[in-house]
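Q: Could you take one part of this protein and walk me through it slowly? I'm in my first year, so plain language would help.

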Amino acid sequence: MIVKANLNDVSGIMEIIGETIKEMKSYNNTQWDENYPKAEDFEKDIKSGCLYVDREDDIIRGFICVNSIEPVEYNDLNWSSNQECMVVHRMAVNSNMRNIGIGTKLMKFADELASSKGIKYLKTDTYSLNKKMNSLFKKCGYEFVGEMSFLGKEFAFYCYDKILND
């Protein structure tokens, strides 16, 4: 069940982050590291009410941050629409629970959350080396918009958007 995260979830989220960083390093993806994301990032998301967890039997299966905050780097891209949007940020799935549809479920939740607020447009981005997230975005109906430099990383971030159907 996907619910709003609370401060008690931060330690479980950070365990997922630790495993995700190890996995990312195994294929030279430096999107996340010891500097980002940190517990404080998730605490801030929780306090602003934009972090959600997929929890089952007190185990966090995955998490997603969805809000309306667009990085300033988005300004230089040619997006499909100028309408109000929601943005998918930090997201990961528990490494023990991969390939059973949790990532897709979290992305579908983002669509439903936007729709419930009357918003029909979503944006997101991920590191170009993050093949799994790039694949997930395409699988979930997101269209490639362009590239941006972000977080001082060596390679580009790929940006995507999606217009929801009524």
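A: Sure! Let's start with some vocabulary: helices and strands here are DSSP runs, of at least four residues for a helix and at least two for a strand, numbered from the N terminus. With that in hand, the protein reads along its sequence as β-α-α-β-β-β-α-β-α-β-β, which makes 4 helices and 7 strands. Its radius of gyration is 15 Å, close to the 15 Å that the globule rule gives for 166 residues, so the protein is as compact as a globular protein of that length. Along its principal axes, the C-alpha trace spans about 40 × 35 × 30 Å.

Keep in mind that this is a predicted model. The mean pLDDT is 95, and 99% of the residues reach 70 or more. Among the elements, helix 3 has the highest mean pLDDT (98), while strand 6 has the lowest (95).

Now for the close look: let's pick helix 4, which covers residues 131-139. Which of its residues are buried? They are Met 133, Asn 134, Leu 136 and Phe 137. Looking down the axis of helix 4, you'd find these buried residues within an arc of 160 degrees, so they line one face of the helix. Here's the general idea behind that: an α-helix has 3.6 residues a turn, so residues three or four places apart point the same way. Turn to the face of helix 4 that points away from the buried side, and you meet the exposed residues Lys 131, Lys 138 and Lys 139. After the helix comes Gly 141, with a positive phi near 90 degrees.

What do the buried residues of helix 4 pack against? Their neighbours are strand 4 (86-93), helix 3 (102-116), strand 5 (121-127) and strand 7 (157-163). Let's follow a couple of those.

Take strand 7 to begin with. It's mostly covered, with 5 of its 7 residues buried. Strand 5 runs antiparallel to strand 7, and 7 bridges join them. One spot to find on your screen is Leu 122, which stands opposite Lys 162 in strand 7. Strand 6 (residues 143-148) is also antiparallel to strand 7, joined to it by 5 bridges. There, Phe 144 has Tyr 160 of strand 7 as its bridge partner.

Then there's strand 4, another neighbour of the helix's buried residues. Strand 4 pairs with strand 3 in the antiparallel sense over 5 bridges. Strand 3 (residues 59-67) has 8 of its 9 residues buried, so it is largely enclosed by the rest of the structure. Gly 62 is a handy landmark in strand 3: its bridge partner in strand 4 is Val 93, and Asp 54 stands opposite Gly 62 too. Strand 2 (residues 51-56) pairs with strand 3 over 6 bridges, again in the antiparallel sense. The hairpin of strand 2 and strand 3 has 2 residues between the strands, and in it Asp 57 takes a positive phi near 50 degrees.

Let's zoom back out to the whole protein. Of its 166 residues, 51% count as buried. Among contacts with a separation of 6 or more, 69% come from residues 24 or more positions apart. Finally, the accessible surface comes to about 8900 Å², and 47% of that belongs to carbon and sulfur atoms.

How values were computed. Residues numbered from 1 in each chain as written. Predicted model: local features only at pLDDT ≥ 70, side-chain atom pairs only at ≥ 80, totals over all residues. Heavy atoms only, no water. Buried < 20%, exposed > 50% of the residue type's maximum accessible area, 1.4 Å probe, protein only. Arc of directions from axis to C-beta. Contact = heavy atoms within 4.5 Å. pLDDT = per-residue confidence, 0-100. Rg over C-alpha atoms; globule rule 2.2 N^0.38 Å. Areas by Shrake-Rupley, 256 points an atom, 1.4 Å probe, with all protein chains shown as cover. Pairing = 2+ DSSP bridges.
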